[in-house]
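Here is a protein chain to be examined through a few questions and answers. Please look at the sequence and the structure before reading on.

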Amino acid sequence: MLQTLYDYFWWERLWLPVNLTWADLEDRDGRVYAKASDLYITLPLALLFLIVRYFFELYVATPLAALLNIKEKTRLRAPPNATLEHFYLTSGKQPKQAEVELLSRQSGLSGRQVERWFRRRRNQDRPSLLKKFREASWRFTFYLIASIAGMAVIVDKPWFYDMKKVWEGYPIQSTVPSQYWYYMVELSFYWSLLFSIASDVKRKDFKEQIIHHVATIILISFSWFANYIRAGTLIMALHDSSDYLLESAKMFNYAGWKNTCNNTFIIFAIVFIITRLVILPFWILHCTLVYPLELYPAFFGYYFFNSMMGVLQLLHIFWAYLILRMAHKFITGKLVEDERSDREETESSEGEEAAAGGGAKSRPLANGHPILNNNHRKND
């Protein structure tokens, strides 16, 4: 049964153009071709990335945060209360007014004390400023190195300048060590992001991030064993070219460098729009959709690859919408937070917000800031 499923999965007609078989991609005459078995190394490499990340955050990012005077904020902890804790874990983190009144009777606390307990309990679960900085530092370091390495891998290739050459001789295209390691490192890194996503800072686009990581892993894996490597290296280098700018803007934000954060974000927004909404759909997608049909009839692998590219493009449109919305508010002088962030709730004093006339949501943001919420001491 398993052998039958294995044979169907690796049926040449699914992954390769007509009249070609896996035997055509066997190593010979000193030419090395991509193989699915090459990808096994990415799982131990992903674990290695997690180990390297741990030590990087401990011995590089944390001292850097100290130099930039990024300190942990002391948070008031919610006192132990079994009734409220059970509701928090099973029913919701923000009880409605009727539920507050019920919990007040069950716990023997006043309604205001119940609300205060939930505010403090929610704040306990929010990531600290130092955690955010360390995470951004790690991603910035990887994306910057990957961007430089990616350009080094593709800049001397003829298909970087003439995309029709991406398909010249396809799929009988041998690989070189630089392509192999570029693929293995990128795929391993995205595996590590998927493994750590539960413990990383969660934002409002958490589900979209999971979809992005899964689609990226599938796309990189498929493009390797179906020998879409030339197109794959172009796509990976294109994505890396803007990611490190976003992570650096976050770092500047957490450090309180307001103007530098603003300027870096504007540069990021411009690069993102150009690469993800112009170059990717009108050059790369055109290359993967149109040029292969000049050589072979469409086959399953062709549809599968371009479908995954379509998923990524939809995510890019979603994120571009958020970026443009935040950029518009920034240009018009409206102070906003990171559209994806979950803002920490503050307490004006032990008397809470009674003197302020309502909850934390009713007060204006202090030193608010577009995209990355520069109210970093209170609201990030």
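Q: Is Tyr59 buried or exposed?
A: In this predicted model, Tyr59 is placed in helix 3, which spans residues 42–67. The relative accessible area of Tyr59 is 57%, and since exposed means over 50%, Tyr59 counts as exposed.

Q: What accessible area does the nonpolar surface patch with Tyr59 have together?
A: The patch is formed by Leu48, Ile51, Val52, Tyr54, Phe55, Leu58, Tyr59 and Val60. Together these residues have an accessible area of about 790 Å².

Q: Which helix has the highest confidence in the protein chain?
A: The protein chain averages a pLDDT of 82, and 86% of the residues score at least 70. Confidence is lowest in helix 1 (residues 2–9), with a mean of 74, whereas the highest mean, 96, belongs to helix 3.

Q: Where does pLDDT stay under 50?
A: The stretch in question has 88 contacts beyond four places in sequence in the model. Its pLDDT stays under 50 over residues 348–380.

Q: Asn227 has a positive phi near 65° although it is a residue other than glycine; is Asn227 buried or exposed?
A: Asn227 lies in the loop between helix 9 (206–225) and helix 10 (229–255). Its relative accessible area is 2%, and because buried means under 20%, Asn227 counts as buried.

Q: Which peptide bond is cis, with omega near 0°?
A: The bond leads into Pro171, a residue in the loop between helix 7 (129–154) and helix 8 (177–196). The cis peptide bond runs from Tyr170 to Pro171.

Notes: Residues are numbered from 1 along each chain as its sequence is written. This is a predicted model: local features need pLDDT of at least 70, side-chain atom pairs count only at pLDDT 80 or more; totals for chains, interfaces and linings use all residues. Side-chain values use heavy atoms; hydrogens and water are left out. Patches are made of residues with over 30% relative accessible area and no salt bridge: like charges are joined within 9 Å, nonpolar side chains (Val, Leu, Ile, Met, Phe, Trp, Tyr) within 5 Å. Accessible areas come from the Shrake-Rupley method with a 1.4 Å probe; for residues, only the protein chains shown count as cover. A salt bridge is a side-chain nitrogen of Lys or Arg within 4 Å of a carboxyl oxygen of Asp or Glu. Helices (H or I, at least four residues) and strands (E, at least two) are DSSP runs, numbered from the N terminus. Buried means under 20% relative accessible area, exposed over 50%, partly exposed in between (1.4 Å probe, protein chains only). pLDDT is the predictor's confidence in each residue, from 0 to 100. Contact means heavy atoms within 4.5 Å.
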